[in-house]
Amino acid sequence: MRECVGMLLAGGEGKRLGALTNQIAKPAVPFGGKYRIIDFTLSNCSNSNIQTLGVLTQYSPLELNRHIGNGKPWDMDRRYGGVSVLSPYTAKTGGDWYSGTADAIYQNIHFINQYNPKYVLVISGDHIYQMNYQKLLNQHIRTKADATISVIKVPWEEASRFGILNTTDSLRIYEFEEKPEHPQSNLASMGIYIFTWETLKAYLIQDAMRKTSSHDFGKDIIPAMLGDEKRLYAYEFDGYWKDVGTIQSYWEANMDLLNNEQSGLSLDNNSWRIHTQDSNYPPQFIGKDATVRHSLINSGCFVYGKVEKSVLFSNAKVEKSSTVSQSILHSGVKVGRNSNLHRVIVMENTVIPEGTNIHVGDNDEPMVINQEILNGMLAMTGGGKQ
Amino acid sequence: MKTMMGLINLEHEHHVFNELTYFRTHASIPFAGRYRMIDFALSNMVNSGINEVAIFARSKYRSLSDHLGTGENWNLDRRNGGLYILPPDWNDPSDVSKGDLQFFHNNRDYFNRGKSDYVLISGSQFTANIDYDEAFKYHIDRGADVTLVTTVAEELREEHIPYFRICADDLGWVEDITNEQTNPLLFTGAYIINRSLLMELVDDCIAYNRDHFFVHGIKEKLADLRVVMYRYKGYGAFINSIESYYRHNMNLLIEDNYLELFFNPPFVKTKVSSNPPAKYYNPSSVKQSILANGCEVEGEVDKSILFRGVIVNEGAQIKNSIIMQRCTIEEDVYLENVILDKDVHVKKGQRIIGSKDKPYVVAKRSDI
């Protein structure tokens, strides 16, 4: 599909994810036992046959750059097109950080122009969903739209937390309201857009010259297009979609993988595989006294204790007489003997000493710990107990 | 810098794998949940700094070439060097070479163009995580023509019968290569040889109408060559029959063996897949087992090895078994001492029980 170039916004800092995004950008946060959040959108692109993709990075891009590499796991290591990581740059006329989502695309107009596409897909790398962008594009072409925005029905009582699109029966958009107090519709924007490139380019250039603009798609570009009565359509998506913007929602989305029949989020779909860099670890080893229930466990793990309703990334280890429940252990985490973890998110390579107890109440937000946080906790309690 | 090039010679390897080799060469038999037998020889070479490897493969190598691809999983997709699967002949009517000499003769370019002065040759049946770089340093230090990698069998078994035994003096110089069955010092099939000498010996073997390079080129010329042995002391297994295959898979359920074979960096590498992490349902019971990604378990698994994408439904019980890729085990099935090759589908309520010494083997893509 060469007529459409994808632009993936991956600069998000993810402030509300706490320690999870201390060192890495939100799209690079580990997810689902094996993946990073951005793998879902990268795989959507490759499964939708988007062959040219620009990934716009800004905040702490090191891990993200290494993860994407030459794009091989997503079949994006191509001679023509493929994946390009686009970071902010300086040129003869100066240079600056991307000051908004629209500005990030504006500063890379020359990147898109070299492929001379008819359409541009703009997505963001911090949402968990499985979507065929081809269907979105088909509707865009059929309705001869200037822009098509993917929407999802949200519960009415939550609608005021989202950007809401008001549409006619034929899904033509006549109004966009950011977090409306009294929503007239429950169609929330998913931050997934397809634009006809010629139209978008004109608006981006116009917007770049407006000093008062915040250079944001939702706040500036879409309202400007609506003001000019351009053809904007909504595309209704009815699968699983989640913005993993908070620790609570990050934890929930991981748990949703364990309840895929209720949640609709599944990694088992052979025709819509989520691809990632594989660590090439040996298979997991389950000891003779182990109990593993209702969990996802990646290769390289060793389990001798009890694991329930949890997600274990590669090379995690749970020793004898320990219990890990409703928790997420990132790569290389070691849980010593006689320890109990309940509703805890343990970051990469953290070593939890013998006899540690961390129990977060079922109504509280799950706790994120790394070695530093853990050491602080242990120092305060003078040992293994909390 | 002195370097080696690699050669994995699958010709002349004795094996009795029956059902498991109906559709594939023995080097591509799946092993330990996600590997193929050849991964050990190949990874050991790459991990020892070798960056060009050739494989002599005569037949049934579709699955082997599918597994190896461009060699990228072993970092062998290179501008310089890389991976070569070499066929035995060119239909050249003047070609008089036989056995593995046919491969050497018809693929001289590989050796002549190589940039290394030394060649590491191995088979695919000795399963171990060996650092050949140490053996290579030893080869150089001792000033040997040929260095044979050996190991001592703790207990001699049937699987050891086809392998040569080594007699050496106190300094490690090899005095005899025999079939003396009571000698536990075994030749692993891996040896290092100077490249120019290799080609010289190949020519000599062809001139005298020989058909087995190691036997005629090295064993019979022992008196004329400086052959030294390098003893490997870590965990290793010779796998050349269903029985040894089964037993050595089961041995990996002992943690120390598993750690030594797989968790000593640098790791053994294999073809990666996009399978999601293994999924355990409620209820499920998994004890002392090795599971690869993509598995979905609702039933009971005990002392078994499950390859990628195996589905075990509720009420099914699997004991002491090896279940290969994408097998589906329906409800209330009972399997004990069984090897299921890839894509086998076992229907509801079936019971299959093999014996400990002779596991029951089901060929690829069967429905039971």
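Biologist: Where is B:P283 in chain B?

Modeller: B:P283 sits in the loop between strand 14 and strand 15 (285–287) of chain B. Helices (H or I, at least four residues) and strands (E, at least two) are DSSP runs, numbered from the N terminus. This is a predicted model, where local features need pLDDT of at least 70 and side-chain atom pairs pLDDT 80 or more, while totals for chains, interfaces and linings use all residues. Residues are numbered from 1 along each chain, chains are lettered from A and ligands numbered from 1 as written, and side-chain values use heavy atoms, without hydrogens and water.

Biologist: Good to know. Is the peptide bond from B:N282 to B:P283 cis or trans?

Modeller: That bond is cis, with omega near 5°. Look also at the step from B:P265 to B:P266, which is cis with omega near 0°. B:P266 belongs to the loop between helix 9 (255–262) and strand 14 (278–280) of chain B.

Biologist: While we are on backbone angles, what is phi of B:N75?

Modeller: Phi is near 60° there, a positive value in a residue other than glycine. B:N75 is in the loop between helix 2 (62–68) and strand 5 (82–86) of chain B. B:D343 has a positive phi as well, near 60°, and is not a glycine either. Its place is the loop between strand 25 (338–340) and strand 26 (345–346) of chain B.

Biologist: Are B:N75 and B:D343 buried or exposed?

Modeller: Start with the scale: buried is under 20% relative accessible area, exposed over 50%, partly exposed in between (1.4 Å probe, protein chains only). B:N75 is partly exposed because its relative accessible area is 46%. At 23% relative accessibility, B:D343 is partly exposed as well.

Biologist: Now salt bridges, please. How many does the whole structure have over all chains?

Modeller: A search finds 27. Each is a side-chain nitrogen of Lys or Arg within 4 Å of a carboxyl oxygen of Asp or Glu. One of them joins B:D203 and B:R108, whose closest N and O atoms are 2.7 Å apart. That pair links distant parts of the chain, with B:D203 in helix 6 (residues 195–207) and B:R108 in helix 4 (residues 108–113), 95 residues apart. B:D203 is partly exposed at 38%, and B:R108 is partly exposed at 22%.

Biologist: Which helix holds B:D133 and B:K137?

Modeller: Both lie in helix 5 (residues 132–142) of chain B, four residues apart, or about one turn of the helix. Their side chains meet in a salt bridge (3.4 Å, N to O).

Biologist: And what does B:D204 pair with?

Modeller: B:D204 meets the side chain of B:K221 in a salt bridge (2.9 Å, N to O). B:D204 is in helix 6 and B:K221 in the loop between helix 7 (213–219) and strand 12 (227–231) of chain B, so the pair ties together parts 17 residues apart in sequence. B:D204, at 26% relative accessibility, is partly exposed, and B:K221 is partly exposed at 22%. In chain A, a network of salt bridges links A:K26, A:D126 and A:D243.

Biologist: Last one: how far from B:E336 is the nearest side chain of opposite charge?

Modeller: For charge, Lys and Arg count as positive and Asp and Glu as negative; His and the chain ends are not counted. That nearest side chain is B:K319, 4.8 Å away, and B:E336 is buried yet has no salt bridge. B:E336 itself belongs to strand 24 (residues 334–336) of chain B.
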